[in-house]
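Biologist: I'm new to this model and would like a close look at one part of it. Could you pick a spot and walk me through it?

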Amino acid sequence: MRLTPSPHRQEMPYARDNPNAYPRRILVAVTGLSPQIVTETLYALAVAPAQGASAFVPSEIYLITTRSGAEKARLALLSDEPGWFHRLCRDYALPPIDFAAEDIHVLTDAAGDPLEDIRSPDDNRCAADGITELVRDFTADPDCALHVSIAGGRKTMGFFLGYALSLYGRPQDRLSHVLVAEPFESSSAFYYPTPASQVIEVAGGRLADAASAQITLADLPIVSLRHGLPEALLTGRASYSEAVAAARLALAPPQLTIDLAGRRIRAAGKVFALPPAELALLSVFARRALRGEPPLPAPPKEVPDAEWRKRYRVELHWINGLLGESERTEKALRDGMDGRYFSSRLSKLNETLNRQLGPAAAPYRISNGSKRPPRYCLTLPPSAVGYGEIDAAGARAED
């Protein structure tokens, strides 16, 4: 399946939320045994857009289906005869659109074998993961606008495709469902309204003229959850369940647990380690948040602050136990903590939080209050902060 940019793409300026201006304009559809979903959707987008809407002419088309669905789509849409996709493009003089047999993606099971249908829980999981991976790959290209159609295939396929777009979609991406008026809706002979009269057989053995068919594209608004996904899920492989879990945690109330002995924290539902120096600084502000104490100014830039050294060393001793401080830390804090040491630790702490949690890191970063002079605090309420051992499953064992 071709996932590389279209060879005829070009660099150009474009409005961020205008799909028509993007050099790559991709139509993705799910189908079962009704490949006409592709031509019906393409007609509604490119030939007869809704009143007030601009035509969206894809530069590429991709199909997601089962093994038998792929064979039927190849024969019905891409063959020399009947070749309904090529017919539509000729009938309405559409510009070149990349769509070939290798652009028909067949979902596979856990063993990598093509799925004939989606019936079992394992089939559903594999389909969800495969669809999610494709949508993530498409939306990783900033020069691409994605239009997703959920009109065909099993209902679960449409659901997974729509939800994947909600997880990864951007302002330029769209979701739709195509509606075909009776008597053409259930006709296997109908593929799109033809420009000239063409009589076909419809349900009940009746005859009808395909030229008179009415097609409507229903735009389906999506709530984008992309901003809540960590960078690792946006750029790497992630299953459907992992992406959903990350989005759910990003939307949940923030909760921070600090395990000083284990040198790790649990934030936004994720457990990860922190170096002692950064963990100690986070703990300074976490204890103040627990006690409802006011924000603190940073130590002076060039003048060591003994009070800051004292509060910071208390946390280091909880972390390092009898080992105490490292020689390097002891030397840096001999006379107190200065502003340069504070800024360095704070920067590394926030970098780690951002890398681990992505946009969900915001409630856990140390805030400077956005005022002058800055005063620093952890903005979490006392009820959202706790200390205790974090077990292997990431749960807080005790407070």
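**A sheet and its surroundings**

Modeller: Let's start with helix α5 (residues 155-168), which lies across β1, β2, β4 (144-149) and β5 (174-180) and runs at about 150 degrees to β1. Contact here means heavy atoms within 4.5 Å, and angles run from 0 to 180 degrees between N-to-C directions, with axes fitted to C-alpha atoms (for helices, over the stretch in contact). Helices (H or I, at least four residues) and strands (E, at least two) are DSSP runs numbered from the N terminus.

Keep in mind that the model is predicted: local features need pLDDT of at least 70, side-chain atom pairs count only at pLDDT 80 or more, and totals for chains, interfaces and linings use all residues. Residues are numbered from 1 along each chain as its sequence is written, and side-chain values use heavy atoms, with hydrogens and water left out.

Now for the sheet under discussion. Six strands make an open sheet with mixed pairing, and reading across you get β3-β2-β1-β4-β5-β8. (Strands pair if DSSP finds at least two bridges between them.) At the edges sit β3 (104-106) and β8 (215-219), each with a partner on one side only. From one strand to the next, the twist averages 25 degrees.

Zoom in on β1 (residues 24-30) and β2 (residues 60-65): they're parallel, joined over five bridges. Within that pair, Ala29 faces Leu63 of β2. Glu60 is also in β2, and it counts as buried because its relative accessible area is 0%. Buried means under 20% relative accessible area, exposed over 50%, and partly exposed in between (1.4 Å probe, protein chains only). Compare Ser120, in the loop between β3 and α4 (121-139): this one is partly exposed because its relative accessibility comes to 26%.

Next come two helices that meet. The axes of α2 (residues 67-78) and α3 (residues 84-91) come within 5 Å and cross at roughly 30 degrees. On the α2 side, Ala76, Leu77 and Leu78 make the contact, and on the α3 side Trp84, Phe85 and His86 do.

Further along the chain there's another set of paired strands, built around β9 (residues 256-259). Leu256 and Ile258 point one way from β9, Thr257 and Asp259 point the other way, and all are buried. β9 pairs with β10 (residues 264-267) in the antiparallel sense, over four bridges, and here Thr257 stands opposite Arg266 of β10. The β9-β10 hairpin has four residues between its strands, and Arg263 takes a positive phi there, near 55 degrees. β9 also runs parallel to β14 (residues 385-387), with three bridges joining them; Ile258 has Tyr387 of β14 as its bridge partner.

Last stop: helix α8 (residues 276-291). Its 16 residues should span 22 Å at 1.5 Å a residue, and the end C-alpha atoms are indeed 22 Å apart; the expected span is 1.5 Å times one less than the number of residues. Twelve of the 16 residues of α8 are buried, so the rest of the structure largely encloses this helix. Among the buried ones are Glu278, Leu282, Phe285 and Arg288. Right after α8 comes Gly292, with a positive phi near 70 degrees.
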